[in-house]
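Reader: I'd like to learn how to read pockets, cores and helix faces. Could you walk me through one example?

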Amino acid sequence: MSTPRFYLDQPLAPGARFNLPPGPARHAARALRLAVDDTVVLFNGCGGEYNARIERINKDEVAVSLTGFADVERESRLHVMLAQGISSGERMDYTLQKAVELGVAAIQPIAAKRSVVKLSGERADKRVAHWQGVVASACEQCGRNQVPPVCAPLTLANWLAQAEGRLLFLSPLADARLADLPAPSASDCLVAGPEGGFEADEIAALHAAGAIPVRLGARILRTETAALAALAAMQTLWGDF
């Protein structure tokens with residue numbers, strides 16, 4: 001079994017000793033059934049990872065000591081932001097989880113006109129916090145030590161006003177394929193719509209912003225599939241696949 005990995009949002013340094021936060025502690029003690037002297041890996045998103053030894057473990061308390069630091073990263077050579085139209089429930093969680101596994105650098109939720117889920121205020125804050133947790137858990141699983149940020153939801157127009165880099169817009173009506181495009185010289189922004197796609201005025205705004213429409217074969221993919229297929233293709237064409 002691979003060494004369990006836990007993301008901690010706190011400073012870490014070799015030689016430090018502390019109790020794991022409640023969530024990782026419960027997972028280590030109850031789900032993984034780890035024991036004293038077992039080794040775990042901790043990371044905080046600031047680069048690298050730390051080996052740690054379990055010194056004490058009880059029902060809800062796990063004490064660890066950090067025994068060393070490894071300056072290792074598993075980031076893709078591509079730098080891709082995913083601007084994803086907000087989809088409902090588990091669909092959005094799935095997209096974010098797998099996008100992290102595929103190496104996405106940042107995630108911008110787009111409050112599209114056809115998004116089923118409408119977020120604002122405290123509800124939006126809670127959902128972003130949930131999505132950030134999904135992203136951190138995906139990093140634990142896939143070995144990444146850099147945790148991609150999940151930005152606050154924006155309308156497509158507001159995001160386009162500040163977007164940087166090459167814009168790639170997934171559209172089943174496009175003529176170009178990813179394979180027809182040159183490799184990115186810097187960063188890419190991959191734009192995927194929600195259930196039902198973008199409205200006509202949103203598509204017009206993408207064109208006006210210089211977004212390049214690209215298609216993924218002859219088939220229409222679901223919102224939770226399209227961006228993931230595109231990311232996998234981009235890694236194959238230009239990344240580390």
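Author: Sure, starting with the pocket elements. Helices here are DSSP runs of H or I with at least four residues, strands are runs of E with at least two, and both are numbered from the N terminus. Keep in mind that this is a predicted model.

Reader: Which element gives the largest share of the lining of the largest pocket?

Author: That's α6, with three residues. The elements that give two or more residues to this lining are β8, β11 (212-215) and α6.

Reader: What is the volume of that pocket, and which residues lie closest to its centre?

Author: The largest pocket holds about 530 Å³ of space. It has 26 lining residues, and Leu-170, Pro-172, Gly-197, Ile-220 and Leu-221 are the closest to the centre. By class, the lining splits into 13 nonpolar, six polar and seven charged residues.

Reader: And how should I read the second largest pocket?

Author: In the same steps. Its volume is about 210 Å³. Twelve is the count for the lining, that is, 12 residues, with Ser-2, Thr-3, Pro-4, Arg-5 and Glu-140 nearest the centre. β1 (5-7) and α3 each supply at least two lining residues, and α3 gives the most, with three. The classes here are five nonpolar, five polar and two charged.

Reader: Now the core. Which residues have the most contacts inside the largest nonpolar core?

Author: A nonpolar core is a set of buried nonpolar residues joined through side-chain atoms within 4.5 Å. In this model the largest one has 38 residues, and Trp-131, Leu-178, Leu-190 and Met-234 have the most contacts inside it. At least two residues each come from β6 (80-85), α2 (89-101), α3 (121-142), β8 (166-170), β10 (188-192) and α6 (223-238). The biggest contributor is α3, with eight residues. Apart from this core lies another, of 17 residues, including Leu-12, Leu-42, Val-64 and Leu-66.

Reader: What does Trp-131 touch, beyond its sequence neighbours?

Author: Leaving aside neighbours within four places in sequence, Trp-131 is in contact with Ile-86, Met-92, Asp-93, Leu-96, Pro-109, Leu-119, Val-150 and Pro-153.

Reader: How do I read the faces of a helix, say α1, and which of its residues are buried?

Author: Check which residues are buried, then ask where they point around the axis. In α1 (residues 22-31), the buried ones are Pro-24, Ala-25, Ala-28 and Ala-29. They span an arc of only 115° around the axis, so they sit on the same side of α1. Pro-22 and Ala-31, on the other side, are exposed. The buried residues pack against β1, β4 (49-57) and β5 (62-70). After α1 comes Arg-33, with a positive phi near 55°.

Reader: What about single residues: is Glu-90 buried or exposed?

Author: The cut-off does the work: exposed means over 50% relative accessible area, and buried means under 20%. Glu-90, in helix α2, has 69% relative accessibility, so it counts as exposed. Glu-90 and Ala-226 are 136 residues apart in sequence and 15 Å apart in space, C-alpha to C-alpha.

Reader: And Ser-115, buried or exposed?

Author: Ser-115 is in the loop between β7 (106-110) and α3. With a relative accessible area of 2%, Ser-115 is buried. Outside its neighbours within four places in sequence, its contacts are Gly-85, Ile-86, Ile-110 and Pro-194.

Definitions and conventions: Residues numbered from 1 in each chain as written. Predicted model: local features only at pLDDT ≥ 70, side-chain atom pairs only at ≥ 80, totals over all residues. Heavy atoms only, no water. Buried < 20%, exposed > 50% of the residue type's maximum accessible area, 1.4 Å probe, protein only. Contact = heavy atoms within 4.5 Å. 1 Å grid on protein atoms, 1.4 Å probe; cavity = no way out; pocket = protein on both sides within 12 Å on 5 of 7 lines; lining within 4 Å. Points joined across faces, edges and corners; volume = space filled by probe spheres on them. Nonpolar A, V, L, I, M, F, W, Y, C, P; charged D, E, K, R; others polar. Arc of directions from axis to C-beta.
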